[in-house]
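The following paragraphs lead the reader through selected features of one structure. Please consult the sequence and the coordinates together while reading.

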Amino acid sequence: MYNVSIRDIKRQAGLTKKVEYNEPCDIAEVDLLGPVNVVLKLTNATSRITIDGHIETHVSLTCSRCLESYRHHLQFDFFEEFLPEGSPELGNGKDLEWEDLSRFTYTGDSIDVYELIRQNILAEVPMKPLCREDCKGLCTVCGENLNSESCSCSVDSE
Ligand SMILES: [Zn+2]
Ligand SMILES: [Zn+2]
C-alpha cells in the first residue's frame, strides 16, 4: 500500500510529485492510536529520489515517571533520499558509514516508502516519555501517583 510509482518523475530531472496517506499503519514496535497522516514530496534529483516528508499521528506511550499511559502527539518533518540499487554511492558494503546504512534504495519504477515511514516514526518516539513536563511521578515510599494524590509520606520525605 505504501508503494509509490516514480515512472512519471523519472522521465526528467527536477520533476516532483506529492503523495498523501491518511490511514492506519501497522508498526509492531509502537502502539498507534488512529491513522497516520503522511505527506511526501518526491523529487527526481538526477542520481536519486529525494523525499521531503511530514508525518502526524498519535501514539500511546507509558510515562517513564508515573507509569501511566498517555496519548502522545507526534508531528515532524524529515528528509530522506532513495538511491537506485547498484548506485556506486552505496559503497561495497564493507566500509559503510552509519549514515549510509540508513539510506534507502529502489529498483525499477516504484519505491516502497513503508520502511521510511516506520523508521522515521520510531526515531521520533521519545526514549523517556513524560506524560507532561512537570510529571511528579510516584512516591518512592508508598507508590502513590503524586499527580493526582498527595500522600502523607511525601511531607517529611526530606
Ligand atoms: Zn507521568
Ligand atoms: Zn507516599
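Val-125 offers a starting point in this predicted model; its place is in the segment after α3. Is Val-125 buried or exposed? Val-125 is partly exposed, because 15 other C-beta atoms lie within 10 Å, whereas a buried residue needs 20 or more and an exposed one has 12 or fewer. Residues up to four places away in sequence aside, Val-125 touches Val-30 and Val-59. A further relation across the chain involves Leu-61: although Val-125 and Leu-61 are 64 residues apart along the chain, a separation of 8.7 Å is found between their C-alpha atoms.

The next topic is the interior. The largest nonpolar core comprises 14 residues, and the members that touch the most others within it are Val-113 and Ile-117. Two or more residues of this core come from each of β3 (31-44), β4 (49-62) and α3 (114-124). The greatest contribution is that of β3, which supplies 4 residues. For Val-113, the contacts beyond four places in sequence are Tyr-2, Val-4 and Leu-40.

Strand β3 also leads to β2. These two strands pair in the antiparallel sense, and 8 bridges join β2 to β3. Within this pairing, which residue of β3 stands opposite Lys-17? The residue opposite Lys-17 is Leu-42. Strand β2 itself spans residues 16-23, and of its 8 residues the number buried is 0, so β2 lies largely in the open. Strand β3 thus appears in two settings: β3 gives the most to the largest nonpolar core, and β3 pairs with β2.

Technical notes. Residues are numbered from 1 along each chain as its sequence is written. Chains are lettered from A and ligands numbered from 1 in the order in which they are written. This is a predicted model: local features need pLDDT of at least 70, side-chain atom pairs count only at pLDDT 80 or more; totals for chains, interfaces and linings use all residues. A nonpolar core is a set of buried Ala, Val, Leu, Ile, Met, Phe, Trp, Tyr and Cys residues joined through C-beta atoms within 7 Å. Two residues are in contact if their C-beta atoms, placed from the backbone, lie within 7 Å. Two strands pair if DSSP finds at least two bridges between them.
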